[in-house]
Amino acid sequence: MNAIEVKNLKKSFGDLQAVDSVNFAAAQGEILSLLGPNGAGKSTAISMLAGLLVPDGGSATLMGHSVTADPQAAKASLGVVPQDIALYPDLSARENLVFWGKMYGLRGAALNQRVDKVLEIIGLSERQKDRIGKFSGGMKRRVNIGAALLHKPDVVIMDEPTVGIDPQSRRHILDNVKALNKQGMTVLYTTHYMEEAAELSDHIAIMDQGKVIAFGTHAELIKLVGEQTRIDLTLNTESTVIFDAWRNTQGVSRIDAENGTVTLLVDDSNLVLPRLFEAAAQANVRITSVDIQEPNLESVFLHLTGRALRD
Amino acid sequence: MRILDLATKDLLQIFRDKKSFLFLAAMPIIFTLFMGFAYNSGEDGAEDDARISVAWVDEADNQFSELLFERLDENTALSLVDMEEASAMDALARGDMLGVLIIPSAFGEQAEGTSALGQITLVTDTLSTEGQSLYQLLRVPVSQLASAVEIGTLTADVIGDSAEFSPAFTLALEEWDEHQSRSLVRTEKAVAQEEESWFGDNPYNQASPGIVVQFAIIGLITSAQILVEERKNRTLQRLMSTAMRTWEIVAGHILAMFTLAFLQIALLVLFGQWVLDVNYLHAPLATLLISAALGIWVASMGLLIGVVAKSDDQVILFSMVAMFFFSALGGTWFPLDVSAGGFAAFGRLMPSYAAMNGLQNILIRGLGLASIWQPVAILMIYALGFFMLALWRFRKIGV
């Protein structure tokens, strides 16, 4: 039995098809990442899994419980870390955790022991009596995660948990996710940072415009772009002439320009790069910077959509 | 159990907010005192003394002048004020007195033996109605006193013993009194029936329940804000992702709102009872029931405001509008009985009027449990209406 199973899930808001026949699954103890730009439909998909939105079609189960037919059982096995800091700023860290523990059905000594443990996990035992309103963004994020772990859920959904925080807190959160996963929790992790998806995930579902456009392990997804290398070039001027010239250059499979940077997917950078410089010279365009990257999820997204995986 | 936990959390947040004390306790107590003072001042100015004021200038100061004073003072249409002659004449000139009655120093000196009581002087405007009335009011008691002296003197003369004057004089006066009570025609002061004050004998009978109802509504500012904050900071969304059902979340919040409203009402009722002598405990069960019904209605309205408002500012705006609307129409500032017909008729449909009416049945009309069932039923009907609207809106907006 998969811990998470989503089949043909659909949700629209008016004319906007936010989630369009999405399929993905995660086995127990896996980390599955939903990777995609903002507006790809990741949050809508997990809102349906969390029982916050009713799907227009399809099905979703958590630990075998349908989120629509048996929502209470599905929710009982689930911990949700929302993208926003969903805590009470005028209560202390401990008071927040105690409250959320009660909402998950914990009581008495078991609750207190679990709160102590979670404070230890998120590294805030020393600050447990301080009000959340006085915490830094990173500390709030850690309590935000801790509140979802109190009842030891089988499945944890984390919606962009590292948005807008300092590198140290981000590192702490990523390490926590790995540690939780080692304890057997299944994690569904949404992000638009490809490095996080690459580092954490057993499987990755790449979403764009409401659809899952690729699903697999990191290695399987990289194979989609073959041995292609990604080259980012910055030019001294914008020129359609050079774009056309590069597009027709032997060894270039894809070209995309955005925010002053030209991104190309090429078969062999050693062979192609001199040709690119030659064409630029003929078009009287100067290349001001070159960045060569081995194939990664960014390349995969570019390969699949023709757009960069940026905000 | 989770419903109680949610309500407890809401109350903890409310009591940690410093402005809660202001809205829930300080302001209503200050306003109760202020309104009671204002009502009382208005009533004091309206009180009139309809009696005829007469300056009593007693230069004799003996038993006959004292007897005359007592007999005149018994007359409820007269108000005798003991004064010196000069100041009495000044008061008459100013119009403070309608007449001056001067009892000369020789009054009664020759009574025993000559039967001459002596002449008293009434200074008044004999052409005015009041002056003529005053003369008529004085004439009878003075004549009765003079005739009693005459009887005493005659009796002493007939028996030939001056000691017989006093018993005969006293007996004659008593006979006059007796005769007066047997009289076929008795005169009384004719005055319009005094209108009973609309707050009974204590101005806080209006001020205290009025502020109870008014500030129960204003108290929504603090409790409804909790729900709005919960929607804004997405904790409501997080709650919905737990195994808690929607109705449990709604119940937890409305329980907190009710508890807060009821605690505030209880505080103001006890303050009224112990400090302002407003007799809520004349019918304690009736007071408890009407307070609970008021709390339930206010909590339902708070839930609706909390669901409809999108920001703290909107909570304040909606709560203030509700407060002004229901307070003015419900007779919390002034009783609907003194309002224009259409306004009063519309106001009597309001739940705030039901609460005021129920409380004033207890406080002013001295009624008990039987008098508050209708107000309680009206409050509960309104509470159900607001609750259903809030629930419908809650489900519609989702999280």
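**Exercise 1. Count the helices and strands in chain A, then find what share of its residues is buried.**

Start with the secondary structure: chain A of this predicted model has 11 helices and 14 strands. Next, look at burial: 53% of the 311 residues in chain A count as buried. Finish with the surface: chain A exposes about 13,300 Å² of accessible area, and 47% of that belongs to carbon and sulfur atoms.

**Exercise 2. Work out how the rings of Tyr88(A) and Phe99(A) are arranged.**

First, what do we need? A pair of aromatic rings is described by the distance of the centres and the angle of the planes. Here the centres are 5.4 Å apart and the planes make 80 degrees. An angle over 60 degrees counts as edge-to-face, and that's the label for Tyr88(A) and Phe99(A). Now place them: Tyr88(A) sits in the loop between strand E6 (78–81) and helix H3 (93–103), while Phe99(A) is in helix H3, 11 residues apart. Last step, burial: Tyr88(A) is buried at 2% relative accessible area, and Phe99(A) is buried too, at 5%.

**Exercise 3. Which parts of chain B does the pair Trp297(B) and Phe326(B) tie together?**

Check the geometry: 5.2 Å between centres and 85 degrees between planes, so edge-to-face by the over-60 rule. Then locate the rings: Trp297(B) is in helix H12 (residues 284–308) and Phe326(B) in helix H13 (residues 312–330), so the pair ties together parts 29 residues apart in sequence. Trp297(B) is buried at 0%, and Phe326(B) is buried at 9%. Zoom out, and both belong to one aromatic cluster with Phe325(B) and Phe386(B).

Technical notes: Residues are numbered from 1 along each chain as its sequence is written. Chains are lettered from A and ligands numbered from 1 in the order in which they are written. This is a predicted model: local features need pLDDT of at least 70, side-chain atom pairs count only at pLDDT 80 or more; totals for chains, interfaces and linings use all residues. Side-chain values use heavy atoms; hydrogens and water are left out. Helices (H or I, at least four residues) and strands (E, at least two) are DSSP runs, numbered from the N terminus. Buried means under 20% relative accessible area, exposed over 50%, partly exposed in between (1.4 Å probe, protein chains only). Accessible areas come from the Shrake-Rupley method with a 1.4 Å probe; for residues, only the protein chains shown count as cover. Rings of Phe, Tyr and Trp (its six-membered ring) pair if their centres lie within 6.5 Å; planes under 30 degrees apart count as stacked, over 60 as edge-to-face and the rest as tilted.
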